[in-house]
Amino acid sequence: MAIEIIIRVAGIAYDFTDFTDFSSISITDTQEVTGDTMRMSVRAENIIPSVGNEVIVTDGSTKEFGGIITTHSDRLLLYA
């Protein structure tokens, strides 16, 4: 199976898999009402993700993470 990183920008799904630093991905499973948190670094040139964009991480047909960008910097902080 292959990991795929999709970010919806302006309602259009873009594949950021090739632009993601996989060593930077960190998912914290809180099992609390606050939801899980994911941090990752992406290299973006023409399409730049921003706060409010949806992020979906899949491994083959299995959804591993889904959330919304809540903060944006050199790294993205996401909440499910």
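**Buried, exposed, in contact: how we decide**

Modeller: In this predicted model, the largest nonpolar core is made up of eleven residues: I5, I7, V9, F16, M38, M40, V42, V55, V57, F65 and I69. Two or more of these come from each of β1 (3-9), β4 (37-42), β5 (54-59) and β6 (62-72).

Colleague: What makes a set of residues a nonpolar core?

Modeller: The residues have to be buried, of the listed kinds such as Ile, Val, Met and Phe, and joined through side-chain atoms within 4.5 Å. In general, nonpolar side chains in soluble globular proteins tend to be buried together.

Colleague: Take F16, then. Which residues is F16 in contact with, leaving aside neighbours within four places in sequence?

Modeller: Those are I5, I7, V42, A44, I47 and P49. Of these, I5, I7 and V42 are also on the core list.

Colleague: Why is T17 called buried?

Modeller: Buried means under 20% relative accessible area, and T17 has 14%, so T17 counts as buried. T17 sits in the loop between β2 (12-15) and β3 (20-28). Not counting residues up to four places away in sequence, T17 touches I3, E4, I5 and F22.

Colleague: How do you know that the side chains of T17 and D15 make a polar contact?

Modeller: The cut-off is 3.5 Å for a suitable pair of N or O atoms, and this pair is at 2.5 Å, so it passes.

Colleague: And why is K63 called exposed?

Modeller: Exposed means over 50%; K63 has a relative accessible area of 54%, so K63 is exposed. K63 belongs to strand β6 and still touches I56, V57 and T58, not counting residues up to four places away in sequence.

Key
Residues numbered from 1 in each chain as written. Predicted model: local features only at pLDDT ≥ 70, side-chain atom pairs only at ≥ 80, totals over all residues. Heavy atoms only, no water. Buried < 20%, exposed > 50% of the residue type's maximum accessible area, 1.4 Å probe, protein only. Helix = DSSP H or I, 4+ residues; strand = E, 2+ residues; numbered from the N terminus. Contact = heavy atoms within 4.5 Å. Polar contact = N/O pair within 3.5 Å; in protein donor to acceptor, adjacent residues only side chain to side chain.
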